[in-house]
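User: I'd like to go through this one by asking how each label was earned. Can you set the values against the cut-offs for me?

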Amino acid sequence: AYAIDEQTAIKVADGSVVLVNYLAESGTDGSVIGETYSAAPRAYLLTVESVGQDIFDALHGRKVGARVLQVLPASGDTPSTVAVFDLLPTRAVGSAVAPREGLPTVALDADGAPTITMPGTEPPSDITAQPLIRGEGPQVEPGQVVTVQYTGATWDDGTVFDSTWTDNKLPAAFPIGVGSVPEGWDEGLVEQTVGSQVLLVLPPGSGYAGTDNTLVDKTLVFVVDILAATGGPKGS
């Protein structure tokens with residue numbers, strides 16, 4: 001769906017997070033066994049325990065952006081299968097964008113995981129969406145399912161309260177623009193492009209709802225990598 005540059009064209013290693021679209025068919029009659037293209041890509045830890053030996057062997061050492069064809073012969077009562085895997089980026093891919101002054105700054109480690117540094121000033125009073133990397137994919141539409149990596153921190157002291165980048169977590173997927181996520185996510189991510197990294201600053205009440213949430217009265221900062229957007233009004 002979008003270009004892969006040299007920074008992200010890396011080989012996937014044992015134990016790394018992989019994001020794949022796949023189509024698997026019976027080698028006997030061509031019937032579809034499973035596929036993700038009509039729903040959302042799937043994220044896995046690339047281990048034999050998580051994906052099985054056959055898929056591990058097919059994907060291990062391949063580069064992000066590769067399309068892999070796997071043909072498995074029949075074995076006992078198990079028919080032959082043919083599968084295609086597309087290895088998608090697990091981080092933002094695109095052109096760097098200079099952020100506005102007064103917003104948090106973001107540094108990325110070698111894998112793309114962000115560290116957020118707060119500016120020590122008063123936060124904006126409105127929902128703010130600042131692209132940091134602009135991807136070359138299609139725009140996100142209301143009603144689509146987006147697959148993202150994200151880190152969330154509080155503006156007042158920079159405490160990280162949630163992240164998909166830590167403790168072997170996987171990218172998250174959820175509907176966007178239909179009220180199923182906090183207001184700030186809907187407003188800030190719709191019409192951004194796939195492959196982008198977006199800095200969201202969400203004033204109190206727009207980041208989490210519910211009086212029992214300890215974060216409801218805080219300004220929250222998210223760094224969101226948009227990895228995929230599927231489905232939606234056009235069914236694309």
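Analyst: Sure, starting with a residue in the middle of things: Thr-164 counts as buried, at 4% relative accessibility. Keep in mind that this is a predicted model, where local features need pLDDT of at least 70, side-chain atom pairs count only at pLDDT 80 or more, and totals for chains, interfaces and linings use all residues. Residues are numbered from 1 along each chain as its sequence is written, and side-chain values use heavy atoms, with hydrogens and water left out.

User: What makes Thr-164 buried?

Analyst: Buried means under 20% relative accessible area, exposed means over 50%, and partly exposed is in between (1.4 Å probe, protein chains only). Thr-164 has 4%, so the buried label follows from that cut-off. Thr-164 sits in the loop between β11 (160-163) and β12 (172-175); helices (H or I, at least four residues) and strands (E, at least two) are DSSP runs, numbered from the N terminus.

User: What does Thr-164 touch, and which side chain does its own side chain pair with in a polar contact?

Analyst: Contact means heavy atoms within 4.5 Å. Not counting residues up to four places away in sequence, Thr-164 touches Val-148, Gln-149, Tyr-150, Lys-169, Leu-170 and Ala-172. The polar contact joins its side chain to that of Gln-149 at 2.6 Å. A polar contact is a pair of N or O atoms within 3.5 Å; within protein, one must be able to donate a hydrogen and the other to accept it, and residues adjacent in sequence count only if both atoms are side-chain atoms. The 2.6 Å value therefore falls within the distance limit.

User: Is Thr-147 buried or exposed?

Analyst: Buried: Thr-147 has 2% relative accessibility. Its place is in strand β10 (residues 144-154), and its contacts beyond four places in sequence include Leu-19, Pro-41, Ala-172 and Ile-226.

User: Why is Ser-31 called partly exposed?

Analyst: Because its relative accessibility is 35%, between the 20% and 50% limits. Ser-31 is in the loop between β1 (17-26) and β2 (32-35). Its side chain makes a polar contact with the side chain of Asp-29 (2.8 Å). Leaving aside neighbours within four places, Ser-31 is in contact with Ala-24, Glu-25 and Ser-26.

User: And what puts Tyr-208 in its accessibility class?

Analyst: Tyr-208 has a relative accessible area of 24%, so it counts as partly exposed. Tyr-208 belongs to the loop between β13 (197-202) and β14 (220-231). Its contacts beyond four places in sequence include Phe-161, Pro-182 and Phe-222.

User: What makes Leu-69 exposed, and which patch is it in?

Analyst: Leu-69 has 60%, over the 50% limit, so it is exposed. Leu-69 lies in strand β4 (residues 67-72), and with Val-71 and Val-82 it forms a nonpolar surface patch of about 270 Å² accessible area together. Patches are made of residues with over 30% relative accessible area and no salt bridge (a side-chain nitrogen of Lys or Arg within 4 Å of a carboxyl oxygen of Asp or Glu); like charges are joined within 9 Å, nonpolar side chains (Val, Leu, Ile, Met, Phe, Trp, Tyr) within 5 Å. The areas come from the Shrake-Rupley method with a 1.4 Å probe; for residues, only the protein chains shown count as cover.

User: How do you know how compact the protein is?

Analyst: The protein has three helices and 14 strands. Its radius of gyration is 19 Å, close to the 18 Å from the globule rule for 236 residues, so it is as compact as a globular protein of that length. That radius is taken over C-alpha atoms, and the rule is 2.2 Å times the number of residues to the power 0.38. Buried residues make up 46% of the 236.
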